[in-house]
Structures are given as structure tokens and as C-alpha cells.
Amino acid sequence: MDARIARYIHHGKFYVDGWLRTEAALAIHALVERQRALGVDGGVAEIGVHHGKLFILLYLLSRSPEPAVAIDLFDDQHLNVDLSGSGDLRKFRRNLERHADSSRLVLHQGSSLDLAATDLIRLGNGRLRMISVDGGHTAEITAHDLAIASEALAEGGIIVVDDVFNEQWPGVADGVQRHFVRRPNLVPFAIGANKTYFCRPSHREAYRDAAIAMADNVTMPEFLGEPVAVLQFGRPGLKERLAHSSLWRRLRATPAAMPLRWAWHAGRSVRRGVLHREDF
């Protein structure tokens, strides 16, 4: 992985306001690498960039002369009907310059509802190989944004939709369902870390395999009538980190291990009771 990309994923993105889990960032990186291996070309775009958290990653993962198209209401927040984010052009530009540059930036301020697929293709100087859909979270806006993204997608392109399974935004799932009633030339191939991934049927297996390689565990249910990889990412807790530490390996065979085990389990029960921690 390029050092600048790794630095942004593991450090820089935490200084940019927005929503992007590290696991999702690594999965997107793996998918872009698979696109490169397959010779897929085109620019990148995001509908709904907020302060640039994901857009910066897409920018870093693209190369000259590929355009990077940023679409957001920015200062037109009176059009933000569901308050699903709050784009800020000044903060976006500052973050982009801090972690990347703006030499290939193509900026469009306004409602995505006013755009057609031909506008996306024009802004991207051709069809796009990676499009993030994270604009308005109503069913109407989601269905529209997914439709124009699908029509502007290059062969071998990928669409990433945010919040499809987020219970706070049921309009996103509704909008995805509305779009697929039209039977588009698009299939889901993976779900994980609050992102849902779509591509043309021709590239489903290649991208699904690349996504699966990034996960700790995978299940394969159906979504929209298609088998889809649900990616599960394990984040080791304190117990797992201690269990694999060199200190515990030295202590567990000594007389001190038994009282330490007892103290750990007793403390865990107390923490659950005091914090009212749920079991799921």
C-alpha cells in the first residue's frame, strides 16, 4: 500500500469529520487494487462529500489524469431536507489540501436531484469507475442518485452506497429497493462496515473475492435476489489483546495466574452490571 494512502487510512482520516470505518477504507482500497489489476479505467466521484472523509481516500486512490468529482450542497444547506450531513466547502477544501491536493478536483455545488447521468459523465470526463452515493438519505434522493450513478458507471465500475442498513436512515434502504424494481444492470456483491457495494454482473465474482479477502468472517445470504458477501470484521478487545500478549504467556503457567483469572471475570461481571452493558 502506498505510504500516503496508509497514513490517511490509519491516521489522517481521524482528523476529518465524517463517517468512514477503517475496515471500509481497507475494503475500498482492495477493490481499487482489483480494478487496477483488471485494467478498469475512469474517474472517481462522490455524491455527498460532507467534509471529505471518504472523498479524500477516493482521491488518493485515483491517479492523474483521472478526475475526482465532488458533489454536495455545501453552502446551499437550505436544500438539505433530511439533515443527513452538513457539507462545508471551506472545511472540505482545507482537508483535501492537507491530506492530498486539488489538482484533479472537479467540484459541483448543488442538489444531485438537478443532475442527470450525462452530467456525471461530463463532470468526470467520461464514465466513472468508482462512485460513492452518500447524499440525501430520503428514498427519493437515494433512488435518483443510485440511478444516475448506475447509468454513469464504467464497465467494471463500483458503486458504494452508505447507510443502506443503518436503522437511523430507512429511506436509504427504501430508495435502493425502488431503484431495483427497475431491474438495472447492477448487482450487489458485498456488505460491510456500513457500506453496500454494487457492480455490473460481469465483475461480481472478482470484486466479491477481493472484498472477502479483507474480512475475518463472511456469510453469504441473498440481497435483492442475489448472493452477497456480508463482511464481518473482528476488532480484538482488551481480553483478546491480553491473551495474546507476551506478558500473559509468561504469567499463565505461574501461581499468579489463577487469582488474575478470578479478578478478571469478577471485574467483567461488575462492569456489565454498573454500565448496563447489553449482550449484543
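Helix 6 and helix 7 are oblique to each other, because their axes cross at roughly 50 degrees and angles from 35 to 65 or 115 to 145 degrees fall outside the parallel (under 35), perpendicular (65 to 115) and antiparallel (over 145) classes. The model is a predicted one, in which local features need pLDDT of at least 70, side-chain atom pairs count only at pLDDT 80 or more, and totals for chains, interfaces and linings use all residues. Residues are numbered from 1 along each chain as its sequence is written, and side-chain values use heavy atoms, with hydrogens and water left out.

Two packed helices are described by the angle between their axes and the distance between the axes. Helices here are DSSP runs (H or I, at least four residues) numbered from the N terminus, and axes are lines fitted to C-alpha atoms over the stretch in contact, with angles from 0 to 180 degrees between N-to-C directions. The axes of helix 6 (residues 139–151) and helix 7 (residues 170–180) come within 7 Å. Their contact (heavy atoms within 4.5 Å) includes Ala139, Leu146 and Ser150 from helix 6, and Val172, Arg178 and Phe180 from helix 7.

A second pair to look at is helix 1 (residues 3–10) with helix 3 (residues 53–61), whose axes come within 10 Å and cross at roughly 165 degrees. Helix 1 is therefore roughly antiparallel to helix 3. On the helix 1 side, Arg4, Ile5, Tyr8 and Ile9 take part, and they meet Lys53, Ile56, Leu57, Leu60 and Leu61 of helix 3. This contact has seven nonpolar, no polar and two charged residues, where Ala, Val, Leu, Ile, Met, Phe, Trp, Tyr, Cys and Pro count as nonpolar, Asp, Glu, Lys and Arg as charged, and the others, Gly among them, as polar.

Next come the empty spaces, found on a 1 Å grid over the protein atoms alone: in a cavity a 1.4 Å probe fits but cannot get out, while a pocket is an open set of points with protein on both sides within 12 Å along at least five of seven lines, and lining residues have an atom within 4 Å of a point. A volume is the space filled by probe spheres set on the points, which are joined across faces, edges and corners. The largest pocket has a volume of about 480 Å³. Its lining comprises 30 residues, with Asn80, Ser84, Asp134, Gly135 and Gly136 nearest the centre.

The structure also holds two cavities of 30 Å³ or more. The largest cavity, of about 70 Å³, has Trp19, His50 and Asp134 among its lining residues.

Note on methods. Helices (H or I, at least four residues) and strands (E, at least two) are DSSP runs, numbered from the N terminus.
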